[in-house]
Amino acid sequence: MDNISSTFRQAISTNLLTLTRFRDLLKKIKQNRPSEDLELLRRAYQFSARTHKRQVRLSGEPFLSHPLEVAHILADLRLDVPTIATALLHDVVEDTTVTLDEIRSQFGDEVAHLVEGVTKISKLEFASREERQAENMRKMLLAMVDDLRVIFVKLADRLHNMRTLRYLPSEKQQRVAQETLEIYAPLAHRMGMGKIRGELEDMAFAYIDPHAYQEIREEIEEKRRYSEDLLKEMASAIEQKLQENGLQARVEWRIKRLYSTYKKMKRQKEDLSQIYDLLAVRIITQSVNDCYAAMGVVHSVWSPVPGRIKDFIAMPRPNLYQSLHTTVIGKSGQPVEVQIRTEEMHRTAEEGIAAHWKYKEGGMYSAADEQSMAWLRQLVEWQQEMSDPTEFLSTLKIDLYPEEVYTFTPKGKVVVLPRDATPVDFAYAIHTEVGNTCTGAKVNGKLVPLRYRLRNGDIAEIATQKGGHPSRDWLTFVKSSRARNKIKHWINVTERASSIDLGRKLLEKESRRYNVSWGKVSAEELTKASQGMGYPHSDDLLSAVGFGKAPPRQVLAKLFPESVLEEKAGKKTLTQTVQKALGMTPGAALQVKGFHDLLVYRAKCCEPIRGEEVVGYITRGKGVAVHAKSCSNVQNLLYEPERRIEVEWVASPDDSYPVQLVLRSSDRPGLLKELTAAITERTNIRNIETRFAENGEATIDLTLDITDKKHLEKLVTAMRKIHGVRDVERIHKV
């Protein structure tokens, strides 16, 4: 009886908590949007409470708490009632037996349409987790083009899931955090939603690299008190000076976010003291004219740092961000960034397109909305033809990369490109044919190589030649998805014909070796064999043979099932011959799925170890090279999806691999002793070299025998715990 009473009391308490949270939500919406009818929300809450009634989150909270918190995030953005109702209902189709037709009948077409847009594809079977992820992302992008509110709900959903990520198993934490950092945070950035992006990045960073996160956090916290005092003093002085000059403005300050700081330190290879925008004061004025006047006031008191003045008001970023930036030297020589913007610009910087988004009757966007989302329509257009999930996700991550380089044509047209873009990217941004026939470039009137990295303000001029064509090498340095996709398309079209011809010749040669008649194979028989091997057309099969993905012997076995396709006894296999000729050791730990006699070897650039996710790439004449999926060369190599092949680890886990590491630490007595003790407990040291700098820094290069990924992770964790060690990094060959 007591147990029943306790359970009943707990249920009542839970219901009261969620009901109270819903009432808070209603108050918030009334305050932000007083004219909205809230009856739709009440019905959505009751429906969600009823359908999720017996469901509990891993945290132990009722499932209803999640849609409620997602709704609160959207209410803070002052979004409309149908969007917030969608937040309350966004999991019912995916996680309960409720159908979209039921949602439509109870809440109308608009809400049903939004719920469908945010619901993951869960009813279909996919070959891999990656394929499922790719299709869900594709569905989300298409839904975004149709109605931007879909992405507002998805980002709010991901934000609350990240806030409660600690309750998930470690492996899933890593996967969700990685996806957040690679896709959702950049997506928030492209939408201009800086506040949500910053929180997503910091939370994901804490799970992906907890050691670096803690190190940066401690370093910033150590300086926080001094930094806060400096910023408060400077903000007060700015307010006073602005008042003296008759300018009305409010002044805020902030310390740069952890992940943003970490990223800049890694990119610029600098320590915290050299990050100019670590500390920032923000001046929020009444008008654009006041912004420029305020900058003049700031420069009259503090010395600006040359080259650090940026005008994002005259030339807004693609995500609508507008502000004036200048870096000045504050007290004790500390650089401080000053950002100056209007109230409207400030809200847009925090909330992005959600700050001014308006959904008009009939589903029409304003001209400003259409212009601001042109990048999304272009992105979807480029992605739609990609059937390969790995290629789709890889290029999506590139497309979401912040666009920061503003370049010009000789006639003054602005061309916005990703950071580190090249003249080839510029050429393809102008026109496909300009890119395809590009032979050279001038930047600011001077000849530059095609690998040249464009900078803000560069004026680029492209030289073309009739009959010119793209080079495969361009894929190693272009940065934009448009350029990459156009180059891949040209290569695929031109090389397919030669691969078909080569495939036919290889089959003819193989048939002579096995004494079967290739000439008697009809087109119908070849098509049937092709389809039996998973290729829709005979040309697809011949192309696969030409590229080395489909072994000729396997094709002949399909065409001549009753023949005995055996080589003469004592003859070496082709694989063994190639291995000997190229001086390669067989990749015993790896094999192509379904085949045991194909030449497989670990790529020298990344040398993957057991436990890492790997991908096979069919090379020309050297067999299958296996790369770690994280290898920087993989994106450049996989421009032809048909040359990728599934590989797997097969040998004994006792195998070990030489792995190179570099350790950075402050120099102190006993460092090497502690380091070698930590390592030799777990593994063999092949080589160790130490370099000392005059500033007391020590760099230690290590080559260790590692059995698998977990072994490496444990070893790195042990080394990072040694006093004075700041970083341990795995080194890959270039």
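A cavity is a set of grid points where a 1.4 Å probe fits but cannot get out, and its volume is the space filled by probe spheres set on those points. The views below show a predicted model.

**View 1. The largest cavity and the residues around its centre.** Six cavities of 30 Å³ or more turn up in a search of the whole structure. The largest has a volume of about 70 Å³. Eleven residues line this cavity, and those nearest its centre are Cys 606, Glu 607, Gln 660, Ile 731 and His 732.

**View 2. Strands that line the largest cavity.** Two or more lining residues come from each of strand S17 (657-666) and strand S20 (725-731). S17 contributes the most, three residues. By residue class, the lining comprises five nonpolar, two polar and four charged residues.

**View 3. The largest nonpolar core.** This core has 107 residues. Leu 41, Leu 74, Ile 103, Phe 152, Met 193 and Ile 283 touch the most other members. Helix H11 (residues 210-244) supplies the largest share of the core, ten residues.

**View 4. Contacts of Ile 283.** Neighbours within four places in sequence are left aside here. Ile 283 is in contact with Ile 238, Leu 242, Ala 249, Arg 250 and Val 251. Further along the chain, its contacts are Ala 294, Val 298, Val 338, Gln 339, Ile 340 and Arg 341.

**View 5. A second nonpolar core.** Separate from the largest core, this one holds 32 residues. Among them are Leu 590, Ile 645, Leu 715 and Ile 722.

How values were computed. Residues numbered from 1 in each chain as written. Predicted model: local features only at pLDDT ≥ 70, side-chain atom pairs only at ≥ 80, totals over all residues. Heavy atoms only, no water. 1 Å grid on protein atoms, 1.4 Å probe; cavity = no way out; pocket = protein on both sides within 12 Å on 5 of 7 lines; lining within 4 Å. Helix = DSSP H or I, 4+ residues; strand = E, 2+ residues; numbered from the N terminus. Nonpolar A, V, L, I, M, F, W, Y, C, P; charged D, E, K, R; others polar. Core = buried A, V, L, I, M, F, W, Y, C linked by side-chain atoms within 4.5 Å. Buried < 20%, exposed > 50% of the residue type's maximum accessible area, 1.4 Å probe, protein only. Contact = heavy atoms within 4.5 Å.
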